[in-house]
Amino acid sequence: DTAELCRRIRATTGLAAYPREDFMRMTIIYYLRHTGITINFLTAILITFLVGAVVAGQSFYSFALDNLRHFGALKAMGAPDSLLATMMLLLPLVVAAISYGLGVGNASLFGFLTRRTEVSFLLPWQLLALSGGAVVVMVMASTLFSMHRVMKVEPAEVFKG
């Protein structure tokens with residue numbers, strides 16, 4: 001019995017002895033409470049998220065501006081704003097699905113390649129769901145900024161000069 005053995009080691013030597021699971025839990029708690037790793041990881045994640053949102057926002061806004069005359073032409077032909085909104089929201093969903101798939105695929109490949117090393121790798125479904133949701137929120141929020149410009153375009157503006 002592991003618990004009995006640990007108790008006997010403590011009693012005999014006066015030193016600490018813990019079962020594997022307890023020692024792992026204590027180590028994790030120690031690193032989370034007494035080192036800067038938690039704040040460093042959270043800072044890195046936040047910066048990555050913000051940079052991704054800015055790049056996605058800039059890309060989708062540029063897409064909207066570059067194609068503004070096409071959206072105006074569609075409006076002139078009678079396309080409702082709901083159709084234009086659907087078209088604009090489809091692009092970021094496709095981009096999000098492709099980028100999420102590539103990211104998860106690369107992370108899984110890294111985990112597979114390092115499975116026999118001492119590198120610790122854990123990819124639970126909760127992390128996949130959270131990161132997938134974050135990617136969708138990021139691209140959709142960035143698209144909403146550019147969608148405003150497309151909805152305000154007047155069809156007559158695109159046919160001038």
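1. A residue is called buried here when its relative accessible area is under 20%, exposed when the value is over 50%, and partly exposed in between. By that rule, 19% of the 161 residues of the chain count as buried. The model is a predicted one, and the points below should be taken with that in mind.

2. On confidence, the mean pLDDT of the chain is 88, and 99% of the residues reach 70 or more. The lowest confidence in the chain falls in helix α7, residues 155-158, with a mean of 76, while the highest falls in helix α1, residues 2-13, with 93. As a general caution, predicted coordinates should not be read in detail where pLDDT is low.

3. On the overall fold, the chain has 7 helices and 0 strands, so that its elements, followed from the N terminus, read α-α-α-α-α-α-α. The radius of gyration is 26 Å, well over the 15 Å that the globule rule gives for 161 residues, and the chain is therefore more spread out than a compact globule. Along the principal axes, the C-alpha trace spans about 90 × 30 × 25 Å.

4. On contacts and surface, residues 24 or more positions apart make up 72% of the contacts in the chain with a separation of 6 or more. The accessible surface of the chain is about 11900 Å², and carbon and sulfur atoms account for 69% of that area. The chain carries 13 positive and 9 negative side chains, and the centres of these two sets are 2 Å apart.

5. Helix α6, which covers residues 125-152, contains S142, and T143 also belongs to helix α6. S142 is counted as buried because its relative accessible area is 3%, which is under the 20% limit; T143, with a relative accessible area of 1%, is buried as well. Leaving out residues up to four places away in sequence, S142 touches A53, A56, G57 and F60, whereas T143, with its neighbours within four places set aside, is in contact with F60, M88, L89 and P92. F60 is thus named among the contacts of both S142 and T143.

6. A third position in helix α6 is A129, and its relative accessibility of 48% makes A129 partly exposed, since the exposed class requires a value over 50%. A129 and R116 are separated by 13 residues in sequence and by 26 Å in space, C-alpha to C-alpha.

7. Is A85, in helix α5 (residues 81-113), buried or exposed? A85 is buried, with a relative accessible area of 16%, a value under the 20% cut-off. When neighbours within four places in sequence are left aside, A85 is in contact with M147 and M151. The C-alpha atoms of A85 and E4, which are 81 residues apart along the chain, are separated by 66 Å.

8. R20 lies in helix α2, residues 20-34, and is exposed, with a relative accessible area of 65%, a value over the 50% limit. R20 and A96 are 76 residues apart in sequence, and the distance between them in space is 40 Å, C-alpha to C-alpha.

How values were computed: Residues numbered from 1 in each chain as written. Predicted model: local features only at pLDDT ≥ 70, side-chain atom pairs only at ≥ 80, totals over all residues. Heavy atoms only, no water. Helix = DSSP H or I, 4+ residues; strand = E, 2+ residues; numbered from the N terminus. Rg over C-alpha atoms; globule rule 2.2 N^0.38 Å. Buried < 20%, exposed > 50% of the residue type's maximum accessible area, 1.4 Å probe, protein only. Contact = heavy atoms within 4.5 Å. Areas by Shrake-Rupley, 256 points an atom, 1.4 Å probe, with all protein chains shown as cover. Lys, Arg positive; Asp, Glu negative; His and termini not counted. Charge placed at Lys NZ, Arg CZ, Asp CG, Glu CD. pLDDT = per-residue confidence, 0-100.
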